Structure formats: structure tokens, C-alpha cells
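User: Please take a close look at one charged side chain and the contacts around it, then relate it to the rest of the fold. A connected account would be preferred.

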Amino acid sequence: MDTVIGRGFATERSEAMQPYRHPMPPDCMPELVIAPAIPEDERLWVPQQENVWFRPLCLSVAHGYWTSLLRVRKSGILSRHRHPQPVHGFVLRGSWRYLEHDWVATEGSYVYETPGETHTLVVDEGVEEMITFFQVNGAMIYVDPDGKVQGYDDVFTKIDMCRQHYDAVGLGAAFVDQFLR
Ligand code: FE
């Protein structure tokens, strides 16, 4: 046997370069490629609060999560929130931290936020801009310092924010549809 495939390598180059020969499963959703993810068009940033924006990437209505870039351009406290499900983050620019922890998420850091966590995101003085990729599962539940619920975001509130913003800036409410899966 002179060809080994299925373990990440092939001894025959021609076979290695052979695309998969069959159609994708009929229920398979289309892939999503967003380039550049950090947009050149400022209108793609959806305002969330003063000096805070998010840029939607994948809005998963089927699985109840969203991936987006969070951008902050002023130091201050963003939100205190509880996570019922995990969050994955990767810091692209700047830095931030949580009041509840002694670490700082610096540029290039990966952060895993565990279910059950309640924390308060802070961007410190001297950080001109922070951009972080987040995958948020389920919901962000906004709470006061005692855990009393004050509001929430989930993929559906995020979609709603996108629709309103994209409509207002002339891209049209349906602009958000390309990010839905
Ligand atoms: Fe969080």
C-alpha cells in the first residue's frame, strides 16, 4: 500500500491534492468566512453602550451562541455579568481584566470563562483600544453586585441590536442575515 490518507498525510501528492469527491450532507449549513474580521467599514460595528461596540461574526440561532469582536475605546467598567455557559475569548488588541480576578487579559491572551462565573469587565486607563474575540454560549446575565438580575443578552437580543443598527446606518436590517447559522 503506497498511499496513506486519513491521518493527515499522503504519500502520493496527486491523492493528497484530490478534493473530497462527494457533496456535503444536504442539511449542512453553508460555511462562513468573514474577511477582514476587523472591518474597514466603521458601520459594521454595532454600538452597545458609550465607547463600546461589537462586530458580529457568527450568530448561531440553532445552538444559542454568538461569536463577535468586542471593541472598547475608553477606560471604564463595561458590565457585571453571570455566565450560565462557557465563554472563549482571544485578545486581539489592548487589554482588560475582571475585578474578581488578579490576572490581566493582554494582547494575544486566550481566556476561558467557566459556567457559574460572575465577573465585572474593566478596561484600565492607558488602554486606547481593546478588541477581543469572544464566543459566548447561552447568555450574558447582567447583575448588580449582589447577583440581582438586571437584564440579559442572548443571540436573539444581539441579532435585534444588529438589525436596528444596520437599518439606521443604511445597510438595511437584513444585512445581519449573512451572520446567522
Ligand atoms: Fe464574561
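What is the relative accessible area of Arg73?

Analyst: The relative accessible area of Arg73 is 39%, so this residue is partly exposed; that class lies between buried, under 20%, and exposed, over 50%, for a 1.4 Å probe and protein chains only. The model is predicted: local features need pLDDT of at least 70 and side-chain atom pairs count only at pLDDT 80 or more, while totals for chains, interfaces and linings use all residues. Residues are numbered from 1 along each chain as its sequence is written, and side-chain values use heavy atoms, with hydrogens and water left out.

Arg73 takes part in a salt bridge with Glu129, in which the closest N and O atoms are 2.8 Å apart. This pair links distant parts of the chain, 56 residues apart: Arg73 belongs to the loop between S3 and S4, and Glu129 to the loop between S9 and S10. A salt bridge here is a side-chain nitrogen of Lys or Arg within 4 Å of a carboxyl oxygen of Asp or Glu; helices (H or I, at least four residues) and strands (E, at least two) are DSSP runs numbered from the N terminus. The two partners fall into separate burial classes: Glu129 has 17% relative accessibility and therefore counts as buried, whereas Arg73 at 39% is partly exposed. The contact also extends to a third residue, since Arg73, Arg93 and Glu129 are linked in a network of salt bridges.

In total, the structure holds seven salt bridges. Another of them joins Asp124 to Arg97, with the closest N and O atoms 2.7 Å apart. Here too the pair connects distant parts of the chain, 27 residues apart, with Asp124 in the loop between S9 and S10 and Arg97 in strand S6. At 28% relative accessibility Asp124 counts as partly exposed, and Arg97, at 24%, also counts as partly exposed. A further salt bridge is formed by Asp41 and Arg43, whose closest N and O atoms are 2.9 Å apart. Asp41 has a relative accessible area of 29% and is partly exposed; Arg43 is likewise partly exposed, with 35%.

The loops that carry Arg73 and Glu129 adjoin S4 and S9, respectively, and these two strands run antiparallel, joined by five bridges. One such contact places Arg82 opposite its bridge partner in S9, Thr118. Strand S9 covers residues 118–123; five of its six residues are buried, so the strand is largely enclosed by the rest of the structure. Strand S6 (residues 96–98) is also joined to S9, by two bridges and in the antiparallel sense. In that pairing Arg97 stands opposite Val122, and the salt bridge from Arg97 to Asp124 adds a side-chain contact.

These pairings belong to an open sheet of six strands in the order S7-S6-S9-S4-S11-S12, with antiparallel pairing. Its edges are strand S7 (104–105) and strand S12 (149–154), each of which pairs on one side only. Strands count as paired if DSSP finds at least two bridges between them. S11 and S12 are joined antiparallel over five bridges, and Val143 has Val149 as its bridge partner in S12.

The iron ion provides a second point of reference. Its protein donors are His81 (NE2), His83 (NE2), Tyr98 (OH), Glu113 (OE) and His119 (NE2), at 2.1 to 2.7 Å. Donors are N, O and S atoms within 2.8 Å of the metal (3.2 Å for Na, K and Ca); water is not among the atoms, so sites may look incomplete. Along the chain, the donors follow the spacing H-x1-H-x14-Y-x14-E-x5-H. Two of these donors, His81 and His83, are both buried.

Two backbone features complete the account. The peptide bond joining Ala35 and Pro36 is cis, with omega about -5°, and Pro36 is found in the loop between helix H1 (13–16) and S1. Asn51 is not a glycine, yet has a positive phi of about 65°. Asn51 is placed in the loop between S1 and strand S2 (52–60), and its 25% relative accessibility makes it partly exposed.
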